[in-house]
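Please open the structure in your viewer and keep the sequence beside it, since each stop below begins with something to select.

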Amino acid sequence: MENQMFNVGKIINTHGIKGEVKVHRITDFDERFQPGQLLYWVNDTSEPVSLVVRSHRIHKGYDLIAFEEHPSINDVEGYKNGMLMVSEDEQAELEEHEFYFREIIGCKVYLESGEEIGRVKEILTPGANDVWVVERADNSDLLLPYIEPVVKQVDPSQQKIIIDPIEGLLD
């Protein structure tokens, strides 16, 4: 497979006897798990396996997915602990001020004055807005809300984010 692949979830277990798998989601795009969607199962030891989503539902905070031509638990048992991925050409075009996690993680964060704060190491999605976890050299991690009053400029091509922190944010 020549295209780059991107993680959308990890299969953590099977669910029931009808071929469903329990998935820990690593994507904001709900359409990734819609019936008919092509996904690839990948692990460290095998070639990627193409899978087409037959059904999808949410149960206790996890995505439960069944695949076409995999009607029983025996068909999906071997997929546990593998990653579900999409190919590069399945990536959707984003709106202005929207970014893929992979574009933000690793970016350096600066104050408007030019002072470097740290580097984004993780992105949390707790609800209304994303929270970027910024690793700082001489301090605890900064939880940076991705909101317009705080994040002033994002330039993934330069790996640079400029912020204007609200009072108390850097404490």
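Begin by selecting Asp63 and Arg25, whose side chains make a polar contact at 2.7 Å, a polar contact being a pair of N or O atoms within 3.5 Å, where within protein one must be able to donate a hydrogen and the other to accept it, and where residues adjacent in sequence count only if both atoms are side-chain atoms. This is a predicted model, in which local features need pLDDT of at least 70 and side-chain atom pairs count only at pLDDT 80 or more, while totals for chains, interfaces and linings use all residues. Residues are numbered from 1 along each chain as its sequence is written, and side-chain values use heavy atoms, with hydrogens and water left out.

Stay with Asp63 and add His56 to the selection, because the side chain of Asp63 also makes a polar contact with the side chain of His56, at 2.5 Å, under the rule for such pairs. Asp63 belongs to strand 5; helices (H or I, at least four residues) and strands (E, at least two) are DSSP runs, numbered from the N terminus. With a relative accessible area of 3%, Asp63 is buried, where buried means under 20% relative accessible area, exposed over 50% and partly exposed in between, with a 1.4 Å probe and protein chains only. Leaving aside residues up to four places away in sequence, Asp63 touches Val21, Lys22, Val23, Arg25, Phe33, His56, Arg57 and Ile58, contact meaning heavy atoms within 4.5 Å.

The pair of Asp63 and Arg25 can also be read as a salt bridge, at 2.7 Å from N to O, the term standing for a side-chain nitrogen of Lys or Arg within 4 Å of a carboxyl oxygen of Asp or Glu. Side chains of opposite charge can pair when their charged atoms come close. Asp63 lies in strand 5 and Arg25 in strand 2 (residues 20-25), so this pair ties together parts that are 38 residues apart in sequence. Arg25, at a relative accessible area of 22%, is partly exposed.

How many salt bridges does the count come to? The count comes to 4, and two others can be selected next. Lys80 forms one with Glu77, with the closest N and O atoms 2.9 Å apart; Lys80 is partly exposed at 31% relative accessibility, and Glu77 is partly exposed at 37%. Asp141 forms another with Lys121, where the closest N and O atoms are 2.7 Å apart. That pair links distant parts of the chain, with Asp141 in the loop between strand 9 (131-135) and strand 10, and Lys121 in strand 8 (residues 116-124), 20 residues apart. Asp141 is partly exposed, with a relative accessible area of 33%, and so is Lys121, with 39%.

Now turn to the aromatic rings. A search of the whole structure finds 4 aromatic pairs, counting rings of Phe, Tyr and Trp (its six-membered ring) whose centres lie within 6.5 Å, with planes under 30 degrees apart called stacked, over 60 edge-to-face and the rest tilted. Select Trp41 and Tyr79, whose ring centres are 5.1 Å apart and whose planes meet at 45 degrees, so the pair is tilted. This pair links distant parts of the chain, as Trp41 is in strand 3 (residues 38-42) and Tyr79 in the loop between helix 1 and strand 6 (83-87), 38 residues apart. Trp41 is buried at 5% relative accessible area, and Tyr79 counts as buried at 11%.

Move on to Phe99 and Tyr146, an edge-to-face pair with 6.4 Å from centre to centre and 70 degrees between the planes. Phe99 lies in the loop between strand 6 and helix 2 (101-104) and Tyr146 in the loop between strand 10 (142-145) and strand 11, so the pair ties together parts 47 residues apart in sequence. Phe99 is partly exposed at 24%, and Tyr146 is partly exposed at 23%. Returning to Trp41 and Tyr79, add Phe67 to see that Trp41, Phe67 and Tyr79 form one aromatic cluster.

Two lysines come next. The charged end of Lys22 sits over the ring of Tyr62, 4.4 Å from its centre, and that of Lys160 sits over the ring of Tyr110, 5.5 Å from its centre; the rule asks for NZ of Lys or CZ of Arg within 6 Å of the ring centre and within 35 degrees of the ring normal.

Finish at the backbone by selecting Glu69, which has a positive phi of about 65 degrees although it is not a glycine. Glu69 sits in the loop between strand 5 (62-67) and helix 1 (73-76) and is exposed, with a relative accessible area of 75%.
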